[in-house]
Amino acid sequence: MAEHQESLSEVFFPEDNARNDTQGMVIVSTGGEGTGKVQHRYSVMSGRNSESADPQDGENSGLPCQLRKPRSNRPKSKEHKRLNTHKLVLQYIVPCMNSYGLCIIDNFLGNKVGDRILQEVRCVHEGGKMQDGQLACQKLDKSKAIRGDKIAWVDGTETGCHNIGFLLSRMDKLITFADGKLGSYKIRGRHKAMVACYPGNGAGYVKHVDNPNGDGRCVTCIYYLNKHWNAKEHGGVLRIFPEGKSYVADIEPLFDRLLLFWSDRRNPHEVQPSFSTRYAITVWYFDSEERAEAKRRFRDLTASSQDSTTS
């Protein structure tokens with residue numbers, strides 16, 4: 001277990017960070033949902049179909065209950081502890097991921113820890129350590145039309161990032177317990193954390209897929225840090241379009257909320273325009289076999305490129 005835990009802190013492909021981890025990312029047309037069928041939109045907070053005249057219709061035909069009413073990790077009382085991590089994984093995360101491809105946990109770490117993480121993220125932002133999020137092989141002006149966030153890569157060991165490091169260790173613990181139970185994946189590594197800020201000027205991120213071309217990323221984990229968030233006023237909803245499903249899941253970026261979903265083409269998603277400062281920390285976990293193959297392809301491509309330039 002200890003060896004596995006250490007492996008989760010590895011950062012493969014140093015060149016990924018230089019490229020802002022968007023190598024091979026595909027942008028999906030935003031002109032429509034492209035499914036050829038009606039998709040119903042639900043908020044995981046209200047569970048109501050925004051396109052239905054009868055909100056009760058959503059109870060039978062819409063978002064599954066496990067997603068409509070996220071699991072809260074808050075203790076029932078001061079005398080109770082948070083749900084055992086192993087039980088949280090086995091009883092909720094694994095079944096939810098394997099059934100629906102995404103999973104939401106509210107009150108993941110608690111207000112005190114969440115506040116400390118938020119303070120560190122604000123220091124990263126206000127200290128000028130963030131850069132405009134970019135896309136591989138894209139000019140900055142074109143990238144900003146697609147994504148409007150500012151980002152910084154953090155591994156949790158930097159000065160002033162101790163609490164972010166604690167968050168990452170808790171994410172790692174979840175994935176360690178879940179490994180071998182999430183589909184057929186063998187998870188052995190992850191990226192540094194991407195600390196992101198949408199500055200509140202209406203910027204968002206168009207519909208896209210994190211890993212469309214087999215770069216190794218299998219699970220996306222996002223931790224939100226936005227207090228008193230009102231989606232009607234502030235926007236910033238993460239809308240997920242699960243492949244083959246009749247619903248569209250709207251995830252509000254609420255404080256101390258953890259979201260997990262498959263990173264591949266099964267979950268196209270978008271960040272809707274944000275009109276208030278919106279913070280999130282994202283981590284991608286790797287399937288070992290797919291990642292090894294991606295690394296081999298990258299080495300072959302690099303060698304071929306070098307050969308062509310020297311011949």
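**Strands S4, S13 and S10, and helix H6 beside them**

Strand S4 (residues 102-106) and strand S13 run antiparallel and are joined by 4 bridges. One of the residues involved is Cys103, which stands opposite Leu260 in S13. All of this comes from a predicted model, so it makes sense to look at the whole chain before going further into the strands.

The chain has 311 residues, and 50% of them count as buried. It holds 10 helices and 15 strands. Contacts here tend to link distant parts of the sequence: taking residues at least 6 apart, 80% of the contacts join residues at least 24 apart. On the outside, the chain exposes about 15100 Å², with carbon and sulfur atoms supplying 49% of that area.

Back to S13, which spans residues 257-262. How many of its residues are buried? The count is 6 of 6, so the strand is mostly covered. That cover applies to both faces. Arg257, Leu259 and Phe261 sit on one side, Leu258, Leu260 and Trp262 sit on the other, and all of them are buried. The pattern fits a general rule: in a regular strand the side chains alternate between the two faces of the sheet.

S13 also pairs with S10, again in the antiparallel sense, and this time 6 bridges join the two. Two of the partnerships can be named: Tyr223 has Leu258 of S13 as its bridge partner, while Tyr224 has Arg257. S10 itself covers residues 217-224. Because 8 of its 8 residues are buried, S10 is largely enclosed by the rest of the structure. S10 has another antiparallel neighbour in S15, with 7 bridges between them. Within that pairing, Arg217 is matched with Phe286 in S15.

S10 and S15 turn up again around helix H6. This helix runs over residues 111-126, which makes 16 residues, and it reaches 22 Å from its first C-alpha to its last, close to the 22 Å expected at 1.5 Å a residue. Which residues of H6 are buried? They are Val113, Gly114, Ile117, Leu118, Glu120, Val121 and Val124. Looking down the axis of H6, these buried residues fall within an arc of 165°, so they line one face of the helix. The spacing makes sense, since an α-helix has 3.6 residues a turn, so residues three or four places apart point the same way. On the other side of H6, Lys112 and Glu126 are exposed.

What covers the buried residues of H6? The cover includes four strands and a helix, namely S6 (150-154), S8 (193-198), S10, S15 (278-287) and H8. After H6 comes Gly128, whose phi is positive, near 75°.

Helix H8, part of that cover, takes in residues 162-178, and Asn163 is found in it. Is Asn163 buried or exposed? Its relative accessible area is 13%, and because the cut-off for buried is under 20%, Asn163 counts as buried. Leaving aside residues up to four places away in sequence, Asn163 touches Arg116, Ile117 and Glu120. Of these, Ile117 and Glu120 are also among the buried residues of H6. With Arg116 there is a polar contact as well: the side chains of Asn163 and Arg116 are joined at 3.2 Å.

Note on methods: Residues numbered from 1 in each chain as written. Predicted model: local features only at pLDDT ≥ 70, side-chain atom pairs only at ≥ 80, totals over all residues. Heavy atoms only, no water. Buried < 20%, exposed > 50% of the residue type's maximum accessible area, 1.4 Å probe, protein only. Polar contact = N/O pair within 3.5 Å; in protein donor to acceptor, adjacent residues only side chain to side chain. Contact = heavy atoms within 4.5 Å. Expected span 1.5 Å × (residues − 1). Arc of directions from axis to C-beta. Pairing = 2+ DSSP bridges. Areas by Shrake-Rupley, 256 points an atom, 1.4 Å probe, with all protein chains shown as cover.
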